[in-house]
Amino acid sequence: MDSLIKLQEIDTQIYALHSEKSAKPAQIKELENIFESKKSHMAELEKQALDLAKQKKDKELELASKEEAAVKLQGQLYSLKTNKEYQTMLQQIQDAKADASVIEDKILEILEESDKLKAVVEQEKLKIKEEEKLFLLDKSKIETRLKEIDDRLSQLEATRKQAVVDIEAKILSQYERILTSRDGLAIVTVNDNSCGGCNMFVPPQVINLIKMYERIITCETCNRMLYIDEANGQESS
Ligand SMILES: [Zn+2]
């Protein structure tokens, strides 16, 4: 019985470490997702900056063609025959110049906007750098813990090998069957007439059987092996 209890102490640690270990990849993935979403915000800002640059280029082309048109009209101005034609073309030149000025204003607006955006992008870049540092730090903490867990697990596996040598094969296999099917808890104490595993009532006659230590008694509900922790003064009532 004592060697089973000792084995359970080892297995409890092994199960806890395995369960901690199995949660780690999800934690790393979560950190990655958070960081990626921050980076995607950055990418969105950079895309906006590109859009503005393209708008500016389009407007500059438009401006150049308006100016070119005005110059061309200006050149034709003196070849005109009548005053009416002359006035009409003068108006056209004025219109083209007015259009050009509107486009120029628009270009200035875009420049202003793109300067503001550039400042935001620069700030965001610094922030992302900080975020990346934190992300890598958190990730390396998890990886360090994983390494600790693996080291501890190999120690425990070695201790376990020692611990099972003096346990009867049949009992050991029964224990291991329960261990696997009951989430790593195969042997439990009886506290105040209830099973330490499932809390169900353990009748006094069963407690008496346990106390005889003739064979292994299991809980009728959860099937775990039961023992009385004499050191803690369990009463059979
Ligand atoms: Zn039980």
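**Exercise 1. A residue in a loop**

Where is the place of tyrosine 213? Then describe its backbone and its accessibility.

*Solution.* Keep in mind throughout that this is a predicted model.

- Step 1: Tyrosine 213 sits in the loop between α4 (204-212) and β3 (225-227).
- Step 2: Turn to the backbone. Tyrosine 213 is not a glycine, yet its phi is positive, at about 55°.
- Step 3: Tyrosine 213 has 43% relative accessibility, so it counts as partly exposed.

**Exercise 2. Another residue in that loop**

Work through asparagine 223 in the loop between α4 and β3.

*Solution.*

- Step 1: The phi of asparagine 223 is positive, about 75°, although asparagine 223 is not a glycine.
- Step 2: For accessibility, recall that partly exposed covers the range between 20% and 50%. Asparagine 223, at 42% relative accessibility, therefore counts as partly exposed.

**Exercise 3. Following helix α1**

Compare the span of helix α1 with the expected one, then find the kink in α1.

*Solution.*

- Step 1: Helix α1 runs over residues 2-76, which gives 75 residues.
- Step 2: From its first C-alpha to its last, α1 reaches 112 Å, close to the 111 Å expected at 1.5 Å a residue.
- Step 3: Now look along the helix for a bend. A kink of about 25° is found at lysine 24, shortly before proline 25.
- Step 4: For a distance inside the helix, take lysine 38, which lies in α1. Its C-alpha is 47 Å from that of leucine 7, and the two residues are 31 apart along the chain.

**Exercise 4. Salt bridges between helices**

How many salt bridges does a search of the whole structure find? Discuss the pairs arginine 160 with aspartate 11 and lysine 139 with glutamate 32.

*Solution.*

- Step 1: The search of the whole structure finds 20 salt bridges.
- Step 2: In the pair of arginine 160 and aspartate 11, the closest N and O atoms are 2.6 Å apart. Arginine 160 belongs to helix α2 (residues 83-164) and aspartate 11 to helix α1, so this pair ties together parts 149 residues apart in sequence.
- Step 3: Check accessibility. Arginine 160 is buried, with a relative accessible area of 13%, and aspartate 11 is buried as well, with 2%.
- Step 4: The surroundings of arginine 160 come next. Setting aside neighbours within four places in sequence, arginine 160 is in contact with Leu7, Ile10, Asp11, Ile14, Tyr175, Glu176 and Leu179.
- Step 5: For lysine 139 and glutamate 32, the closest N and O atoms of the salt bridge are 3.9 Å apart. This pair also links distant parts of the chain, with lysine 139 in helix α2 and glutamate 32 in helix α1, 107 residues apart. Glutamate 32 is partly exposed, with a relative accessible area of 25%.

**Exercise 5. A salt bridge within one helix**

Why are glutamate 122 and lysine 125 separated by about one helical turn?

*Solution.*

- Step 1: Their side chains meet in a salt bridge with an N to O distance of 3.8 Å.
- Step 2: Glutamate 122 and lysine 125 are 3 residues apart in helix α2, which means a separation of about one helical turn.
- Step 3: Glutamate 122 counts as partly exposed at 46% relative accessibility, and lysine 125 does too at 39%.
- Step 4: Elsewhere, salt bridges with shared partners join Glu20, Lys24, Arg145 and Glu148 into one network.

**Exercise 6. Aromatic rings and a lysine**

Which residues form an aromatic pair that is stacked? Finish with the contacts of lysine 38.

*Solution.*

- Step 1: The count comes to 1 aromatic pair. Phenylalanine 35 and phenylalanine 135 form it, stacked at 5.0 Å centre to centre with 10° between the planes.
- Step 2: Phenylalanine 35 lies in helix α1 and phenylalanine 135 in helix α2, so the pair ties together parts 100 residues apart in sequence.
- Step 3: Both rings can be checked against the cut-off for buried, which is under 20% relative accessible area. Phenylalanine 35 is buried at 5%, and phenylalanine 135 is buried at 12%.
- Step 4: Lysine 38 is partly exposed, with a relative accessible area of 30%. Not counting residues up to four places away in sequence, lysine 38 touches Ile128 and Glu131.
- Step 5: With glutamate 131, lysine 38 makes a polar contact of 3.0 Å, side chain to side chain.

Note on methods. Residues are numbered from 1 along each chain as its sequence is written. This is a predicted model: local features need pLDDT of at least 70, side-chain atom pairs count only at pLDDT 80 or more; totals for chains, interfaces and linings use all residues. Side-chain values use heavy atoms; hydrogens and water are left out. Helices (H or I, at least four residues) and strands (E, at least two) are DSSP runs, numbered from the N terminus. The expected span of a helix is 1.5 Å times one less than its number of residues. The bend at a residue is the angle between axes fitted to the seven residues ending there and the seven starting there. Buried means under 20% relative accessible area, exposed over 50%, partly exposed in between (1.4 Å probe, protein chains only). A salt bridge is a side-chain nitrogen of Lys or Arg within 4 Å of a carboxyl oxygen of Asp or Glu. Contact means heavy atoms within 4.5 Å. Rings of Phe, Tyr and Trp (its six-membered ring) pair if their centres lie within 6.5 Å; planes under 30 degrees apart count as stacked, over 60 as edge-to-face and the rest as tilted. A polar contact is a pair of N or O atoms within 3.5 Å; within protein, one must be able to donate a hydrogen and the other to accept it, and residues adjacent in sequence count only if both atoms are side-chain atoms.
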